[in-house]
Amino acid sequence: MGGGHKNGLLTHRPTQVAFVVLFAVGFVLGMFAPVSPLPHPVFLLPLALLLLDTGLSALIAAREHRTFSGYVHFVLLLAFVTMLYVVGAFGGVRTEVIVIVPLAVRIILLLTRLY
Amino acid sequence: MGPKQLGIWLFALMSGIVVGLLVRGMQAAGAHTVPLFGTASDTETRQQLDMLRSEVQSLQQEKNDLLRQLLSGEISADQIRQEMETAKNAAGLLPVEGPGIRVTLGDSEAASSSPLVERGMVHDYDLLFVINELRAAGAEAISIGAGRLEERITGSTYVRCTGPTVVVNNTRLTVPFVIEAIGDPEVLEQSLNMPGGVLEQLRLYGLSVKLEKSEKLKLPGYTLPLKYRFIDDAADSGGSSEPPPAAESPAPLKQPDAIDVKHGGSK
């Protein structure tokens, strides 16, 4: 996922194990986080979709042996989603419709490139 | 560990945290019946809904209390109706009938050259004296006039001379003034005829006074619209910080030329 190199690490077995372990650790941390500062799902779900999009894009880039910058991709998506939030707030469109649906469509399109 | 590997691990940890928070948030949303997705407007709508629900609950409680009172006999529709009729009678809004007396007052028959000629005419205060005496004697309903222009005396009635006539409830009346009062005829008659009483004084001025008892008098109800701009229920206003309701515009008073004239004669 680093900047500008071919992605061979994602197919490396120890890296995959470390990935799964760290994901599990993060999941447990998230599950046992204090309730009061818990962000609303309306923010968490797009963030999760952004991360999933970044991961899938990195995976596709590794399969296609091309360069990919995860940071740039994530920041780009974040800016795009923020813009959608602003449009939704000023236009009165519900967040589910204007933010989550486009992200879901994009992820489905990414998934179709894996098979 | 290169920067690329660090990035992957960071990504894995962050993804795990976000997914964990998301699952936790969805669980919390389900536990509190809060919609999974919602904006500020949704929150306001939900608060309004909660408020309306509590109001509905309060009204249902009130309805149940009233129903319980009704079924247990603490309050009944007849009781409410009776109280309302009592209030209307007290306000003089209903036509009533019953035994009582009829007092007819007219101007003096004496020659107009008398120095007391002014006092030989029936004035508003003469009528007010009679009305006050009747009330003191226990009259339950009083009216002035006769026939179509009979006017009921209520708490807001005024009796006032306007030139040769007397205006009562915006109706212009002329002599003879017929005052009818429902009550105990004997008591009312004795009260008016007592030595030094109001009728004796009026007779001294030379006014024509005729008093007769009746077993059945019919008095009309007060017909003018009742408008209150300033008074409020004291029980409701206690401790309330709300401003009083907007005052209604008062009922337009009849212009003098619109006042009905009972008889053509002058006083």
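I began with B:Arg53 in this predicted model and found that, at 53% relative accessibility, B:Arg53 counts as exposed. I noted that B:Arg53 forms a salt bridge with B:Asp50, with 3.9 Å between the closest N and O atoms, and that B:Asp50 is partly exposed at a relative accessible area of 43%. Because they lie three residues apart in helix H2 (residues 40-72) of chain B, the two are separated by about one helical turn.

I then looked up B:Glu189 and B:Lys213, whose side chains meet in a salt bridge (3.4 Å, N to O). This pair links distant parts of the chain, with B:Glu189 in helix H5 (residues 185-193) of chain B and B:Lys213 in strand S8 (residues 208-219) of chain B, 24 residues apart.

In chain A, I found a salt bridge between the side chains of A:Asp53 and A:Arg106 (2.5 Å, N to O), which joins helix H2 (residues 41-63) of chain A to helix H4 (residues 95-112) of chain A across 53 residues. I recorded A:Asp53 as buried, with a relative accessible area of 0%, and A:Arg106 as partly exposed, with 31%. Over all chains I have nine salt bridges.

I turned last to an open sheet of three strands in chain B, ordered S4-S5-S6 with antiparallel pairing. Strand S4 (159-162) and strand S6 (171-173) of chain B each have a single partner strand, so one side of each is left without a neighbour in the sheet. Three bridges join strand S5 (residues 165-168) of chain B to S6(B), and B:Val168 stands opposite B:Thr171 in S6(B). I also saw that helix H4 (residues 124-136) of chain B packs on the sheet, touching S4 and S5 of chain B, and that its direction makes about 165° with that of S4(B).

Note on methods:
Residues are numbered from 1 along each chain as its sequence is written. Chains are lettered from A and ligands numbered from 1 in the order in which they are written. This is a predicted model: local features need pLDDT of at least 70, side-chain atom pairs count only at pLDDT 80 or more; totals for chains, interfaces and linings use all residues. Side-chain values use heavy atoms; hydrogens and water are left out. Two strands pair if DSSP finds at least two bridges between them. Helices (H or I, at least four residues) and strands (E, at least two) are DSSP runs, numbered from the N terminus. Contact means heavy atoms within 4.5 Å. Axes are lines fitted to C-alpha atoms, for helices over the stretch in contact, and angles run from 0 to 180 degrees between N-to-C directions. A salt bridge is a side-chain nitrogen of Lys or Arg within 4 Å of a carboxyl oxygen of Asp or Glu. Buried means under 20% relative accessible area, exposed over 50%, partly exposed in between (1.4 Å probe, protein chains only).
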